[in-house]
Each structure stands twice: as structure tokens, then as C-alpha cells.
Amino acid sequence: MSDDSKPLVAVIMGSKSDWDAMRAASDTLKEFGVPHESRVLSAHRTPELAAEFSAGAEARGLEVIIAGAGGAAHLAGVTAAYTTLPVLGVPMESQALKGMDSLLSTVQMPAGVPVGTLAIGKAGAKNAALLAVAILANSRPDLRKKLHRFRAEQKQKIVNETLA
Ligand code: RP5
């Protein structure tokens, strides 16, 4: 699986100002060699584009969508409204409320249209990518192997930790 083949995952975000955190999702997908695309799409500022993108995602071959947004964060919910692909929401850390607004807006989807919500900010972005890899790995043994290796290396780093 190479990075430049047809994207399996889309990383979308409400504003370019989200990229600092959302880059962690893209970087992690890159590490796993998962072809993906990253772009800005806003539920508020470009509602038609967001709808068009989400409605066409499955036909384009995408399998998972990661959506980061902050404040009154509707992007993940709106995306999920237009597709049955798994949508992973990442609440951005907002200035006013430190991301509590984003978290509640993203996580509290009424029953019927799910959004899998991750932690606020960079940790959530990275975990969204790892979860996307885990979803893809259900039908891709090479990715499952990479996930096992990732966990083993992570464990080894902790085991090797020394405190001065
Ligand atoms: C949301 O508004 C974006 O996801 C971003 O987190 C927040 C602020 O956007 P900017 O004003 O920085 O463009 O739509």
C-alpha cells in the first residue's frame, strides 16, 4: 500500500487553523503507509462543499473519514449525515472554552447518526488515525501486522525509559 495511491482515508477540518493539530492524523497515516487526503471543509462556511464531499466519499473509494473541528463543531456530524462510512470526530482545542465546546458538539450526536469521537486536539487526531488503521486492518493483514509492531515498539520505549 503506498501513500500516493487512491485515498482510503480523508482527513478533513473546519479551518486551516486546525491543521497544527490535525497534522498528527496525517503524519500517523503516513507512518502506516495509508493513502489519504487532507483538506479544509467547513460545515458553516462551505456547507454545500461539505455535503457534496461527504455524499460522494464512498463512491470515491474512501473507507474512513476523520473530521476535526472546533467551537460549535458540526463538521463530523454533518459529514456523518451524508455518508454511512465510519466518521471519526476530533474536537479542536478552542480558545474560549479549551475545546469543551468542540468536544460536546462532536460527541453528543442523537441516536441514529453516529460519530466516533476522540480526545481533544493532537492526541485525538493521532488516535483517530490509529483507529482508522485498525478499521482498515480488518480486511488488510499487512496493516494488522504494522499495528502489532507499533504497539510492541511503544511498549519497548516505556520499558527502556530511564529517569535522571
Ligand atoms: C471551526 O472554527 C474550525 O474547525 C476551527 O476550529 C474554528 C475556528 O476557525 P478559524 O476562525 O480559526 O478559521 O469551524
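**Exercise 1.** In this predicted model, decide whether phenylalanine 32 and phenylalanine 150 are buried or exposed, then classify their aromatic pair.

*Solution.*
- Step 1. Apply the cut-off: buried means under 20% relative accessible area. Phenylalanine 32 is buried, and phenylalanine 150 is too.
- Step 2. Count the aromatic pairs. The total is 1.
- Step 3. Describe the pair. A pair of aromatic rings is described by the distance of the centres and the angle of the planes. For phenylalanine 32 and phenylalanine 150 these are 5.7 Å and 55°.
- Step 4. Classify. Planes under 30 degrees apart count as stacked, over 60 as edge-to-face and the rest as tilted. With 55°, this pair is tilted.
- Step 5. Place the rings. Phenylalanine 32 sits in the loop between α1 (19-31) and β2 (36-40), and phenylalanine 150 in helix α6 (residues 141-160), so the pair ties together parts 118 residues apart in sequence.

**Exercise 2.** Find out why strand β3 (residues 64-69) is largely enclosed by the rest of the structure.

*Solution.*
- Step 1. Sort the residues by direction. Val64, Ile66 and Gly68 point one way from β3; Ile65, Ala67 and Ala69 point the other way.
- Step 2. Check burial. All of these residues are buried.
- Step 3. Conclude. Because 6 of the 6 residues are buried, β3 is largely enclosed.

**Exercise 3.** Which strands pair with β3, and in what sense?

*Solution.*
- Step 1. Take strand β1 (residues 9-13). Its pairing with β3 is parallel, over 5 bridges. Valine 11 has isoleucine 66 as its bridge partner in β3.
- Step 2. Take strand β4 (residues 87-91). Its pairing with β3 is also parallel, over 5 bridges. Alanine 67 has glycine 89 as its bridge partner in β4.
- Step 3. Trace the chain. From β3 it crosses through helix α3 (residues 75-82) to β4, in a right-handed β-α-β crossover.

Note on methods
Residues numbered from 1 in each chain as written. Predicted model: local features only at pLDDT ≥ 70, side-chain atom pairs only at ≥ 80, totals over all residues. Heavy atoms only, no water. Buried < 20%, exposed > 50% of the residue type's maximum accessible area, 1.4 Å probe, protein only. Helix = DSSP H or I, 4+ residues; strand = E, 2+ residues; numbered from the N terminus. Pairing = 2+ DSSP bridges. Right-handed = clockwise from strand over helix to strand, strands pointing away. Phe/Tyr/Trp six-rings, centres within 6.5 Å; stacked < 30°, edge-to-face > 60°.
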